[in-house]
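Here is a quick tour for anyone meeting this structure for the first time. Have a look at the picture, then read on.

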There are 2 protein chains.
Amino acid sequence: MISRVTSRELAAHTGRTVTVAGWVHRVRALGNLTFVIIRDRHGLIQAVAEGRNGDLDAIANESVVLITGEVAREERAPSGAELRLQDFRVIAPADPALPFELNKKDLNTGLDLLLDHRVLSLRHPKTHAVFTVQAELLAAFRDFLRGREFTEVCTPKIVASGTEGGSELFPVRYFERQAYLAQSPQFYKQMMVGAGYERVFEVGHVYRAEEHNTSRHINEFTSLDLEMGFIDSEEDVMDLEVELLTEVFRRVAERCPSELELLEAQAPVAAAPPRLPLAEVQSILAKEYGKESPPEGLDPEGERLICEHVARSGGGEMVFVTRWPVAKRPVYTHPEPADPTLTRSFDLLFRGLEITTGGQRIHLYDQLVRNMVAFGLNPAAFENYLEVFRFGMPPHGGLAIGLERLTARLLGLNNLREASLFPRDRTRLTP
Amino acid sequence: MISRVTSRELAAHTGRTVTVAGWVHRVRALGNLTFVIIRDRHGLIQAVAEGRNGDLDAIANESVVLITGEVAREERAPSGAELRLQDFRVIAPADPALPFELNKKDLNTGLDLLLDHRVLSLRHPKTHAVFTVQAELLAAFRDFLRGREFTEVCTPKIVASGTEGGSELFPVRYFERQAYLAQSPQFYKQMMVGAGYERVFEVGHVYRAEEHNTSRHINEFTSLDLEMGFIDSEEDVMDLEVELLTEVFRRVAERCPSELELLEAQAPVAAAPPRLPLAEVQSILAKEYGKESPPEGLDPEGERLICEHVARSGGGEMVFVTRWPVAKRPVYTHPEPADPTLTRSFDLLFRGLEITTGGQRIHLYDQLVRNMVAFGLNPAAFENYLEVFRFGMPPHGGLAIGLERLTARLLGLNNLREASLFPRDRTRLTP
C-alpha cells in the first residue's frame, strides 16, 4: 500500500513528517502562503506552503496527489491539524474542465446533471456523507437481526413468474425461455422460514417496471427484507420493527455524527409509533384537514398529513397504518379473523412517506389455496411456493423496508434518486 | 410471539415446564414409551411420552407442532435434555406423502429431486448447516472489511452494456430499450473508489449467460467484491485477501463448530498461499504430472493438480496463480511494467478450484483509452466508466470471490448447486 495517513489520523501525528493522499479540493494563495486542500475518504486535509508556488497553482482541482510535510496543530484546519508542505507529487492528473464545482458548500446544480456525472457529484462531501450513512444503515440492520438469530439468505432475482401478479415485471431472456426480474423476495423468504430457518433476512435488489417517473419511485431499489415464524399476529412484526429501527437510528447517531451534522439531519428520537387502523386514519384526515382519501387507501398527501398530525399530537415521527382491506393487499396476506374484509397488515410511514409494508401471512395450505381462487389466481401456477405450505408451515410474518426511502427520509432528501448511488428510473439507464 | 424455548436453550430450563416448537422429525414407539423428535432452527429436541399414544402416532412427519412438558437432563438426547411430554398441539399439519425421507443421516437422493423440492431438502440438518455456514461467511466478509474502513455499496444490476465484452449477457427489456443483467460490479466498484470512497465492497448477484451446464457453473451467483485505492501493486490485494480469508475461516471455525462437524468439514489452517506465476505453474504441471496445459491458461484438471502439488509440498490448501498474459485478462487489467505481455493479476485456487479473480487495474486515463483501442474496443462506448479516470483516479485494485464456490470448497460439496439456496442454471428456473 502507498504509505500515507488519512485525515482522521492526521492530528495524532503532530510533530512528525507524514504523507497524505487524496483529491485536490482547492488551491488558494493567501498573502505569502499557498494553501492546498485535499479530500480523502474521511474528510479534508489542509497543506500549506510558503510563498507562491507555480507548480502547486498549476494542479487542476480533482487531481490525485501525495503531499509530504510536517504535521502541526491548527485548530482552524479541517482535521484540527495541517501539513507544512515539503514535497508533493501528482499521481493522476484531472481534466480541468469539471462539469460543476465540487469545492463549494453545496452542489448548486440540477439533479439530472449531478446524476449524469455521478462519480463526480459523489465526491462532494455532502453527497459522500449520504452513502456513508446508508452503509451504516445496512450494517445496523444486519447486526440487529443476526443478534436476534435471523439467518441471512441470498435468493434468486431471476424468476419464472411474478410474485404479486403479472404486471410491472421486467422480462429477461433466459436462454430459450422468458423469465422476469423479481419484484420482491416475498415468496422465497417465506419458503426459507418454512424450510426450517424460522427467521431470515435478505438485503437485495428488487425490480418494479412502474411507468411513473416521480421523486418517490425508482425502478431498481434495495429492499431490506425479513420474515419470521412462530408469531402470534402482525403485532409481533411491528414490535420487532420498532426495536429494529430504534437500534438502527441509535447506531447512525452514534457512528455518523459528523455526516448527520453536515447534512443537517437528525435521527428520530425513539418513540413507539402509534398503530392506527386505515379507517381511523381516513377519518382523522377528513376531520382535521377536510381531506378525502381514495377508497380503501391513502394518497401521498394523506401520508404527509397523517404524519404531521401524529407529530403534532406528540406521537413522534412515525406511524403504523394497520388493518388494510383485503382488496388492497396481496393474496398471501392473513385476514383479520374478527373482520374478514380486513387484513393483518400494516404500512409504516416515516416523515410523510411509506417506508415499510408488512404483515402476517396465511400459513395454512387450504386457506391459501382458497384465497388464490378467490383472487382469481390459478393455484397450479404457484406449485413451488405452495409446496412449503403443504408440508408444515408455522404462523409467520415479515416486512420490507425500502433502503432508499429510509435513507431519504432520515437525511431529508427530496428525491429517492439522491439516495441511490446509480439510480435506474423510467428513462435513466446510465451511468 | 409464540412463547417457546429453542433446542439451544432447552438444557438451561431443566426442571421447568416449557413449550418447544418445530417440525416433527420422527415419532417412534420404544417399549412403553413414545419418542417425538422435533427440529427447530438450531437442532433437534426429544420429547418422550409414557405409553403408546395414538394421537402422537397419527402426526405426519414434518407437521409443525408445539409440545409442552417438563425439561429433564438426558445426556443421550440431542440437546442434552429432553421434554417429558404433557401436552402437544399440531399447528400446521403436513401431507404425509413426502418426496423423500428427511429423518435419515443423509439425503440419499439425486440432486435434481432435492433441488426440485428445495424447501424440503433444506430442512435436512446437513443441508441446513450449509447455509448457516454460508451466512457466517457473508457476515465475516463484511465485518472484516468494515473494520478496514471499506464502505459497502449497492450498485445497479440492470446495465446498458456489458462489463467484460458483449457475450454471455442476459438481455432485459427495460421499457422501450434493451438492457442487460450485470456480469459483475467491476466498473461500478472502480468508479466508487474514484468517487472518493477509496475502499468499497459489495455483496450482490451477478449474471453469466454461459451455455455450459457443469458442476462448476451456475448462471446467477453471489459475488463478494472489493476494490481499493492507493495500492502499490496487485501484491497488496493478495495480502488483503490472505488476511481476509484467515479471519473468515477463523470466524466460521469459532461460530459454526457443530455445522462443520456435521458436514465433516474443516476450515483450512492459516497459511500464506504461495504466489506462483502462471508460466511456473504450467512447468510444474508438465514436470510433475506430465500434464500439458492449454496455451496461456489452466484447465480444471490443472487447477486440481497444482493444488495437490502445493499441498503435498507443505504450502497449504490455497495457491495464487499470478502474472496472467494480457490476452487472458480484461481490458482494464494493469500490465506488468517489467514484461508488458503479462498483467498484474491473479487467481486464487482453493482445494482445486478457482474461487477468486483479482488484480491491479489501469488507473491512468490515456493508458486505459489506448488499451481499449488495442483490444479493438471503442472508447466512446465506455464514456461513463472513463469519466472517473478523466478526473483523477488513484492506483487501485481489487478482487471478487464467488460465494458459492467458497462455500462448496470449504464444505466439500461437489456441485456448486449445493451451495446455492435456489440455483439458476442452463435449464433450471424453479423453484
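A residue counts as buried if 20 or more other C-beta atoms lie within 10 Å of its own, as exposed if 12 or fewer do, and as partly exposed in between, with C-beta atoms placed from the backbone. By that yardstick Phe175(B) is partly exposed, because 13 other C-beta atoms lie within 10 Å. This is a predicted model, in which local features need pLDDT of at least 70 and side-chain atom pairs count only at pLDDT 80 or more, while totals for chains, interfaces and linings use all residues. Residues are numbered from 1 along each chain as its sequence is written, and chains are lettered from A and ligands numbered from 1 in the order in which they are written.

**Chain A at a glance**

- Chain A's secondary structure adds up to 12 helices and 18 strands; helices (H or I, at least four residues) and strands (E, at least two) are DSSP runs, numbered from the N terminus.
- Its C-alpha trace spans about 85 × 55 × 40 Å along the principal axes.
- Of the 431 residues in chain A, 51% are buried.
- Take the contacts in chain A between residues at least 6 apart in sequence: 64% of them join residues at least 24 apart. Here two residues are in contact if their C-beta atoms, placed from the backbone, lie within 7 Å.

**A barrel in chain A**

- Five strands close up into a barrel in chain A, in the order S1-S2-S3-S5-S4, with mixed pairing. Strands are said to pair if DSSP finds at least two bridges between them.
- From one strand to the next, the twist averages 50 degrees.
- Within chain A, strand S4 (residues 64-73) and strand S5 (residues 81-92) run antiparallel and are joined by 10 bridges.
- Ala72(A) has Glu82(A) in S5(A) as its bridge partner.

**The S8-S9 hairpin and its odd residue**

- Strand S8 (residues 171-174) of chain A has Val172(A) and Tyr174(A) on a covered face, with Pro171(A) and Arg173(A) on the uncovered one.
- S8(A) pairs with strand S9 (residues 177-181) of chain A in the antiparallel sense, over 4 bridges, and Val172(A) sits opposite Ala179(A) in S9(A).
- The hairpin has 2 residues between its strands, and there Phe175(A) takes a positive phi near 55 degrees. Phe175(A) is partly exposed, with 13 other C-beta atoms within 10 Å.
- Chain B has its own case: Phe175(B), in the loop between strand S8 (171-174) and strand S9 (177-181) of chain B, has a positive phi near 55 degrees without being a glycine.
- Why point these out? Most residues other than glycine have a negative phi, and most peptide bonds are trans.

**Cis peptide bonds**

- In chain A, Thr430(A) and Pro431(A) are joined by a cis peptide bond with omega of about -10 degrees. Pro431(A) lies in the segment after helix H12 (403-411) of chain A.
- In chain B, the bond from Thr430(B) to Pro431(B) is cis too, with omega near -5 degrees.

**Helices H10 and H11 of chain B**

- Helix H10 (residues 365-374) and helix H11 (residues 383-390) of chain B pack at about 150 degrees, with axes 9 Å apart. So H10(B) is roughly antiparallel to H11(B), a label for angles over 145 degrees.
- Tyr365(B), Leu368(B) and Val369(B) from H10(B) meet Leu386(B), Phe389(B) and Arg390(B) from H11(B).

**Core and interface**

- The largest nonpolar core has 242 residues, and those with the most contacts inside it are Val172(A), Ile38(B) and Val172(B). Such a core is a set of buried Ala, Val, Leu, Ile, Met, Phe, Trp, Tyr and Cys residues joined through C-beta atoms within 7 Å.
- Leaving out residues up to four places away in sequence, Ile38(B) touches several others, including Val20(B), Trp23(B) and Ile67(B).
- Between the chains, 80 residues of chain B are in contact with 80 residues of chain A. On the chain B side, H4(B) supplies the largest share, 7 residues.
- Glu136(B) belongs to helix H4 (residues 125-147) of chain B. Glu136(B) is buried, because 21 other C-beta atoms lie within 10 Å.
- Not counting residues up to four places away in sequence, Glu136(B) touches Arg251(B), Val252(B), Arg255(B) and Cys256(B).

Key: Axes are lines fitted to C-alpha atoms, for helices over the stretch in contact, and angles run from 0 to 180 degrees between N-to-C directions. Angles under 35 degrees count as roughly parallel, over 145 as roughly antiparallel, 65 to 115 as roughly perpendicular and the rest as oblique.
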